[in-house]
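Student: I would be grateful for a close look at a single part of this structure. Please explain how that part is placed and what surrounds it.

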Amino acid sequence: MDTRTPGATKNLWDAGEVEGFSELEALAYRSNLLGADRSVANFGGGNTSTKAKGRDHLGREVDILWVKGSGSDLATIKADRFTGLKLDEVLPLMERNSMSDEEMVAYLASCQLRPDMPRGSIETLLHAFVPYPQVDHTHPDAVNMICCARGGEELAAECFGEEAVWIPYIRPGFTLSKQVGEAVRDNPDARFVLLAKHGLVTWGRPTRRATRAPSRPSTGPPGSSRRGPRNLLADDRSSRPRPGDARSFWPVSCPRCAERSPRGQAKLRTRSCA
Ligand SMILES: [Zn+2]
């Protein structure tokens, strides 16, 4: 089945706009672009992140995960509403088998660069565990037409083949974050994750080059290696993450917002994870 819709994706990214921006400022810009279309990111829903070098309170260089603070809206969020977390302290959680929400929130609070930063989203660990520098999680209407459909997993396989990883429904929290992180590492050819009854996870290389050509669904049968055109930036296979390599921020293309729902189409109810 050919599900491609030429021209369905409009790339709003303007390289001139982010000239001179820090990674954090560019993250805010990218988030605003996502939130500008409510069929991609509903009010307060979704979360975005970037991983970048920075300084802690002692001036030491550290790896920082900047992730949307809870309660902010992607359409209007500014740089000061993202939470900075010391990645070296967060990533060891990959070794855990389980963690309650309360335990996770308390642990992440202790990883913040400063105590007065906003509390991170309940899906903060999802962003930490995906081994790429830019991660976006949204609930696009068009994507959720598949994620929430009866037989959605089979439909996704038919549309996207190995480019998509399907995660059966589980409520947001530690276990979902770990499942997504492991799935991305175990499927180096995957370009995005579909969360059943929930939404989409995409990733990319440094912000300035993350939003080039949109992806198109596979035109081959399930499991086929025949795929639609790739972003040229995605074909740097030598720099793909290795399974279990939690520290590697490697590039692939970003298929964000690959499709949009037609105007007037009924919105699906999805779990918000703001
Ligand atoms: Zn969500």
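Tutor:
**A close look at strand β7**

All six of the six residues of strand β7 (residues 199-204) are buried, so this strand is largely enclosed by the rest of the structure. A residue is called buried if 20 or more other C-beta atoms lie within 10 Å of its own, exposed if 12 or fewer do, and partly exposed in between, with the C-beta atoms placed from the backbone. Strands (E, at least two residues) and helices (H or I, at least four) are DSSP runs, numbered from the N terminus.

The model is a predicted one: local features need pLDDT of at least 70, side-chain atom pairs count only at pLDDT 80 or more, and totals for chains, interfaces and linings use all residues. Residues are numbered from 1 along each chain as its sequence is written.

Let us turn to the partners of the strand. Two strands pair if DSSP finds at least two bridges between them. Strand β4 (residues 134-138) pairs with β7 in the antiparallel sense, over five bridges. Within this part of the picture, H137 has V201 of β7 as its bridge partner.

Strand β6 (residues 192-195) also pairs with β7 in the antiparallel sense, here over four bridges. The bridge partner of L195 in β7 is G199. Together, β6 and β7 form a hairpin with three residues between them. In the turn, K197 has a positive phi of about 55 degrees.

To summarise, β7 is paired in the antiparallel sense with β4 and with β6, and six of its six residues are buried.
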